[in-house]
Amino acid sequence: MSRTITRSPEGAPQAVQDHKAVQDRESVLSHGLKQRHLSMIALGGVIGAGLFVGSGVGIAAAGPAIILLFMGTGALVMLIMRMLGEMSAARPSTGSFSVHAEEELGSWASTTSGWMYWLMLCAGVAAEATAAGTIMHTWVSFIPAYGWVAIFMVFFCASNLTAVKNFGEFEFWFAAIKVTTIVAFLVLGVLGILGVFGSAPGTSHLTGHGGFFPTGAAGLAAGLLTTISGFAGLETVTIAAAESDHPSRNVARAVRTAVWRIAVFYIGSMAVVVTLVPWNNPKVATDGPYVTVLDRLGIPAAGTIMQIVVLVALLSAMNANIYGSSRMAYSLVNRGQGPRFLGKVTRGVPAAAVVASCLFGFAAVIAGIVWPTTVFAWLLNIAGCSVLVVWSIVCLTQLKMRRRLEREAPELLSVRMWGFPYLTWLAFAAILGVFAVMAAGADGRHQLAGTAVVVAALAGAGHLKQRRDRRAAVSV
């Protein structure tokens with residue numbers, strides 16, 4: 001934060017003083033992350049198992065039109081990242097968008113976005129640990145899948161309880177493996193399209209097999225939800241920035257580099273897949289699009305190679321989600337929006353929040369074993385909607401914060417949202433459009449209904465805190 005703000009007099013705007021107070025409480029956390037860590041966290045955060053495997057479900061639903069879906073959702077994600085970058089570069093904080101929402105909209109928005117995000121990340125830990133355990137069980141069968149889940153949970157819980165630089169190192173190398181894999185895949189894919197590995201496919205797979213829009217509007221709607229869920233978790237870089245050596249500068253650089261790479265990796269990968277193999281090839285959904293393409297190109301041991309990469313992606317997501325959820329919980333508790341015991345810090349690490357996030361994730365894993373179609377399904381459904389709730393609050397927060405910064409501290413706007421305020425409103429309208437698409441289907445309505453209950457409870461709790469704070473301020 002600039003000196004203009006940190007040395008503000010008593011007459012400074014209340015939001016500025018509140019943010020300074022938040023930073024003072026968070027100063028006990030260590031600052032062991034470097035620029036290279038943040039750059040890879042920003043990049044690796046949007047390259048998960050959803051791209052390597054889950055995107056096959058989207059291709060099976062929408063056909064070659066998946067390219068357009070990823071272009072649309074990728075554009076939305078770029079706008080959200082830019083908003084987050086603007087706010088976090090101006091006022092870096094461990095709570096990121098939750099802190100900014102409290103300052104601009106009130107405790108109701110902070111509580112809702114913060115705990116919804118925590119729930120989403122913890123549910124993600126459970127899903128990723130389960131999938132990783134299943135993969136390891138196929139290789140080392142004498143250890144049951146749940147045994148591997150326990151091993152992974154204990155390992156990443158322990159690593160997150162040590163210095164934050166350990167988290168950064170893990171994510172750096174995890175992300176490096178994922179990026180290398182995608183770059184190699186894109187190079188091989190382009191060579192395959194040019195006919196180096198046999199006959200060139202031309203546009204036969206793009207226009208054949210039912211055309212570019214083979215499944216119509218229904219397929220696009222189904223594929224839309226799949227593509228959006230693949231981007232969940234990208235916000236972690238703005239949380240991690242607060243524990244880096246130069247928060248404002250580092251998050252600005254990380255966001256700028258991540259934006260264009262999202263387009264290259266996601267849209268490029270999907271274009272290669274639907275050009276080289278028929279979209280309705282059953283292996284695209286069952287084995288994954290990457291494996292199917294590599295098999296088509298004759299790459300030996302393609303299945304094993306991608307299984308290793310998927311395992312790395314899952315472990316990377318687990319590591320990042322435990323980190324992100326623990327920091328968000330710690331920030332919420334420090335602002336009086338959660339149980340106080342989660343605020344305990346040991347050697348610069350919010351140990352209680354780390355353990356609590358891991359325990360919740362492990363409880364969700366058990367729920368997936370005991371109640372896979374009820375409790376676990378309900379949890380995953382709410383987690384799937386959480387990212388849309390968070391993004392919508394990010395849009396509303398950025399609209400207010402940008403105007404406040406322009407009035408009070410324009411020098412802090414080292415990263416600026418493109419086309420403000422029009423593109424911010426466009427992003428918000430797009431999110432509302434996704435909610436409308438979900439409401440059109442029975443499954444989507446069930447997701448929305450469950451999410452609405454949780455949102456109402458959190459917003460209500462936050463509103464009550466907001467009223468108490470106001471009464472306390474008046475009495476003083």
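**Reading a helical chain, feature by feature**

Me: I see that His-209 has a relative accessible area of 38%, so it counts as partly exposed. Where along the chain is His-209 found?

Reply: Good place to start, and remember that we are looking at a predicted model. The class "partly exposed" covers the range between 20% and 50% relative accessible area. His-209 is found in the loop that runs between α10 (204-207) and α11 (216-229).

Me: What is the sign of phi at His-209?

Reply: Phi is positive there, about 55°, although His-209 is not a glycine. Arg-347 is another case to look at: this non-glycine residue also has a positive phi, near 50°. Arg-347 lies in the loop between α16 (302-334) and α17.

Me: Is Arg-347 buried or exposed?

Reply: The cut-off for exposed is over 50% relative accessible area. Arg-347 has 71% relative accessibility, so it counts as exposed.

Me: Where does a glycine take a positive phi?

Reply: Look just after α15, where Gly-298 has a positive phi of about 80°.

Me: While we are there, how many residues of helix α15 are buried?

Reply: The idea is to count residues under 20% relative accessible area. In α15 (residues 289-296), 6 of the 8 residues are buried, so the helix is largely enclosed by the rest of the structure. The buried ones are Pro-289, Tyr-290, Val-291, Thr-292, Val-293 and Leu-294.

Me: Now the backbone again. Which residues does a cis peptide bond join?

Reply: Omega is the angle to read, and it is about 0° for the cis bond between Phe-420 and Pro-421. Pro-421 is found in the loop between α18 (375-408) and α19 (422-439).

Me: How do I read the packing of two helices, say α8 and α17? What is the angle between them?

Reply: Start with the axes. Helix α8 (residues 145-161) packs on helix α17 (residues 351-370) at an angle of about 170°, and their axes are 9 Å apart. That makes the two helices roughly antiparallel, the cut-off being over 145 degrees. The crossing of α8 past α17 is right-handed.

Me: Which residues of α8 and α17 meet?

Reply: It helps to recall the spacing on a helix. An α-helix has 3.6 residues a turn, so residues three or four places apart point the same way. On the α8 side, Tyr-146, Val-149, Ala-150, Met-153, Cys-157, Asn-160 and Leu-161 take part. They meet Ala-351, Val-354, Val-355, Cys-358, Gly-361, Phe-362, Val-365 and Ile-369 of α17. By class, this contact has 13 nonpolar residues, 2 polar ones and no charged ones.

Me: Let me try a single residue: is Ser-55 buried or exposed?

Reply: Ser-55 is buried, at 2% relative accessible area. The residue sits in helix α4 (residues 49-62). For a sense of distance, the C-alpha atoms of Ser-55 and Ile-305 are separated by 18 Å, while the two residues are 250 apart along the chain.

Me: And the whole chain: how many helices and strands are there?

Reply: The protein chain has 20 helices and 0 strands. Its radius of gyration is 22 Å, close to the 23 Å that the globule rule gives for 476 residues, so the chain is as compact as a globular protein of that length. The C-alpha trace spans about 75 × 50 × 45 Å along its principal axes. Buried residues account for 55% of the 476. Among contacts between residues at least 6 apart in sequence, 81% join residues at least 24 apart.

Terms used: Residues are numbered from 1 along each chain as its sequence is written. This is a predicted model: local features need pLDDT of at least 70, side-chain atom pairs count only at pLDDT 80 or more; totals for chains, interfaces and linings use all residues. Side-chain values use heavy atoms; hydrogens and water are left out. Axes are lines fitted to C-alpha atoms, for helices over the stretch in contact, and angles run from 0 to 180 degrees between N-to-C directions. Helices (H or I, at least four residues) and strands (E, at least two) are DSSP runs, numbered from the N terminus. Angles under 35 degrees count as roughly parallel, over 145 as roughly antiparallel, 65 to 115 as roughly perpendicular and the rest as oblique. A crossing is left-handed if the near helix is turned anticlockwise from the far one by less than a right angle, and right-handed if clockwise. Contact means heavy atoms within 4.5 Å. Ala, Val, Leu, Ile, Met, Phe, Trp, Tyr, Cys and Pro count as nonpolar, Asp, Glu, Lys and Arg as charged, and the others, Gly among them, as polar. The radius of gyration is taken over C-alpha atoms; the globule rule is 2.2 Å times the number of residues to the power 0.38. Buried means under 20% relative accessible area, exposed over 50%, partly exposed in between (1.4 Å probe, protein chains only).
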